[in-house]
Amino acid sequence: MSIQLRNVTKRFGRATALEPLDLTVADGELLGLLGPSGSGKTTLLRIIAGLEQADSGSIHFGERDVTHVHVRDRRIGFVFQHYALFRHMSVLDNVAFGLTALPRRERPSRGEIQARARRLLEMVQLEAFADRYPAQLSGGQQQRVSLARALALRPDVLLLDEPFGALDAKVRQDLRRWLRHLHDELNFTSVFVTHDQEEALELSDRVVVMSNGRIEQVDTPETLYRHPANRFVFEFLGDVNRLEGDVRDGELTCGSARLAVDLPPGRHELLLRPHELHLSDAPSATAHLPVQVTAVAPVGAEVRVELAADWLAEPWLATVRHADFEHLTIQRGRRLFVEPRRWHRFAAVDQQPADQAVTA
Amino acid sequence: MRRIGDRTGVRRTLIAVAVLLAALFLLLPLAAIFAQAFAEGVDTFAANLSDPDTLAAIRLTLFITVMTIPINLVFGVFLAWLVTRFDFPGRRLLQTLIDIPFAVSPVVAGLVYLLLYGRNGWIGGWLDAHDIQLMFAWPGILLVTLFVTCPFVARELIPLMQAQGAREEEAAVTLGASGWTIFRRVTLPNIRWALLYGVILTNARAVGEFGAVSVVSGAIRGETNTLPLHVELLYQDYNTVGAFTAASLLALIALLTLAAKAALEWRATRRERLS
């Protein structure tokens, strides 16, 4: 079931929560709403659910106009950040709740309800916990119960509000993969909210980046990362190193640092991703960026290296492969030279992107 | 490390003072009530209890209590629901207004009701013209008792419902539950212990209320005399033993209330430890 929002706005008192926005979610799509807190992503999700009422605009689920349809009749499943399980009911009763709350003539028999709830618990691999109470489960298990509960009525649309926000990193990873799998298997349309860019990029078919009640960009994770629409999106999607200096005769200078660039004369700010920095023993023909290592942290497949220099206002971060790390014998206090493989620039006025790949 | 002031001498002195004060001001009077009630033996006690006026007072007090509890139960739940689940102009003011019966002396409350609903009062004049008598009759006693006890249930529920938040109710509504279903199956089970606690407090106060009731009841023996008023009447009749017999009944109800309250609190702490 596709979702179409047209010209939706929302104000809370004098504060604008959502500026007029349009959004279409395709049938069967898994869409991530990404943004910092206060960007309006949760408000948008709650408006789609019907838990908040938009001030203007319209919402359609497929052909059905649900703008003025009450939450209970929208046929949505909603998963809350803190699970919101019914604390006085067993896990099985939680999952069965939606079925038992149906009007009598639509309600399946008691046995049928029990059987369906058990099947849902099997799906989330919690059949052994049917008689427990929510407080006796771990956070990850509670969130799975909450998901089974939301799916019990076979909703057209599944909405998740920071579903993994309260869980620890490892559980989060597992649940993410598991949700993606479930989504592909059951083929419903899902929208989820997150403030974690990694989560959004890993899980979504498309990501909506929001800030200050506006949609900044809607794209696939890959396009989003490679072609950010503006500086906000670029900075929000990953760590950023800044280099600001004066350009003359195709060379940018900043203190003792020099970099060959293809830019008109004047003051410019370049943005560089940590993985786009190459470290070496000596300056190259196009780059003379002397730095000193101030901290080293091996994280997973790569090593995060913090770099400082007298020409840098704030330290840079570079990610290096373990092979390079060993080859260069990187340690604290080591002096090195940075060679950017690529950099990005957003003109201040129109915020249009400009990239330059350096081919060394 | 030791806590501040945690020295054996200090601790023993404080405990001794506390026990002494409790015995002097709480236990001794309670014991005295029962001692006086049985001062002339069990037979006199029984005779005093079966006095028609005393029986009438017991009946009236129980009747008023039984009427007050359900009315204030519904009112308290409604008020707490309104204040914690909706945002509207004047919400804070309403929350403050709930406490008026706590802040006002019951005698003043009784007087205000007398002025409003008495035969010469604003509303009472109209009621009198239609042959309805509230003051110096049981409806007046019920009215002031409702007034005095109306904050108890709401006061218990509001902090709890605020802490629990509306998430579970929102979850229920996304699952298609109707308002009544949500209340019956989600809200009520979550507040039932606080609700019972509020009822116990309401009960204690409704049984024991003296000030407001004494202003509006007229204390007609056998008709508008509640148990607390009866105690005073008997005492003024120099029937000390009779007065204490009635008082012992009130004390007994108080003790039962305390036991119920303690049982609930014990249950609550046990539940907390479990989860």
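## A walk through chains A and B

Let's start inside chain B: between domain 1 of chain B and domain 2 of chain B, the salt-bridge count is zero. Keep in mind as you click around that this is a predicted model.

**Stop 1: the two domains of chain B.** Colour residues 1–37 of chain B one way and 41–274 another; the domain assignment calls these domain 1 and domain 2. Their C-alpha centres sit 31 Å apart. Now pick out the contact itself: five residues come from domain 1 of chain B, and 10 residues come from domain 2 of chain B.

What sort of surface gets covered here, and how much of it is on carbon and sulfur atoms? Domain 1 and domain 2 of chain B bury about 640 Å² between them, with 82% of that on carbon and sulfur atoms. If you go hunting for polar contacts across this interface, the rule finds zero residue pairs with both members at pLDDT 80 or more. Select the domain 1 side of chain B that touches domain 2, and by class you get four nonpolar residues, one polar residue and no charged ones.

**Stop 2: where chain A meets chain B.** Zoom out and show both chains. Here 22 residues of chain A are in contact with 19 residues of chain B. Together the chains bury about 1900 Å², 61% of it on carbon and sulfur atoms. Which three residues of chain A should you show as sticks to see the top share of its buried area? Go for A:Arg72, A:Arg87 and A:His88: they supply 31% of the area that chain A buries against chain B, more than any other three residues.

Next, the charged pairs. There are two salt bridges between chain A and chain B. One of them is easy to find by name, since you can just select B:Glu170 and A:Arg46; their closest N and O atoms are 2.5 Å apart. Polar contacts between the chains come to six residue pairs, both residues being at pLDDT 80 or more.

Switch to cartoon view on chain A. The elements giving two or more residues to the side that touches chain B are strand 6 (76–79), helix 2 (91–100) and helix 4 (139–151) of chain A. Helix 2 of chain A gives the most, with three residues. By class, that side of chain A has 14 nonpolar, four polar and four charged residues.

**Stop 3: helix 13 of chain B.** Select residues 227–236 of chain B. Seven of the 10 residues in helix 13 are buried, so the helix is largely enclosed by the rest of the structure. The buried ones are B:Leu227, B:Pro228, B:Leu229, B:His230, B:Val231, B:Leu233 and B:Leu234. Step just past the end of helix 13 and check the backbone of B:Tyr238, which takes a positive phi of about 60 degrees.

**Stop 4: B:Thr61.** This residue is in helix 3 (residues 52–85) of chain B. Is B:Thr61 buried or exposed? Its relative accessibility is 4%, so B:Thr61 counts as buried. Leaving aside residues up to four places away in sequence, B:Thr61 touches B:Val207, B:Thr226, B:Leu227 and B:Pro228. You have already met B:Leu227 and B:Pro228 among the buried residues of helix 13.

**Stop 5: B:Ala260.** Finish in helix 14 (residues 240–274) of chain B, where B:Ala260 is found. B:Ala260 is partly exposed, at 31% relative accessible area. For a last distance label, join the C-alpha atoms of B:Ala260 and B:Tyr197: they are 63 residues apart along the chain, and the label should read 8.6 Å.

Methods. Residues are numbered from 1 along each chain as its sequence is written. Chains are lettered from A and ligands numbered from 1 in the order in which they are written. This is a predicted model: local features need pLDDT of at least 70, side-chain atom pairs count only at pLDDT 80 or more; totals for chains, interfaces and linings use all residues. Side-chain values use heavy atoms; hydrogens and water are left out. Domain bounds come from an automatic or database domain assignment. Contact means heavy atoms within 4.5 Å. Buried area is the accessible area (1.4 Å probe) that two parts lose on being put together, summed over both. A salt bridge is a side-chain nitrogen of Lys or Arg within 4 Å of a carboxyl oxygen of Asp or Glu. A polar contact is a pair of N or O atoms within 3.5 Å; within protein, one must be able to donate a hydrogen and the other to accept it, and residues adjacent in sequence count only if both atoms are side-chain atoms. Ala, Val, Leu, Ile, Met, Phe, Trp, Tyr, Cys and Pro count as nonpolar, Asp, Glu, Lys and Arg as charged, and the others, Gly among them, as polar. Helices (H or I, at least four residues) and strands (E, at least two) are DSSP runs, numbered from the N terminus. Buried means under 20% relative accessible area, exposed over 50%, partly exposed in between (1.4 Å probe, protein chains only).
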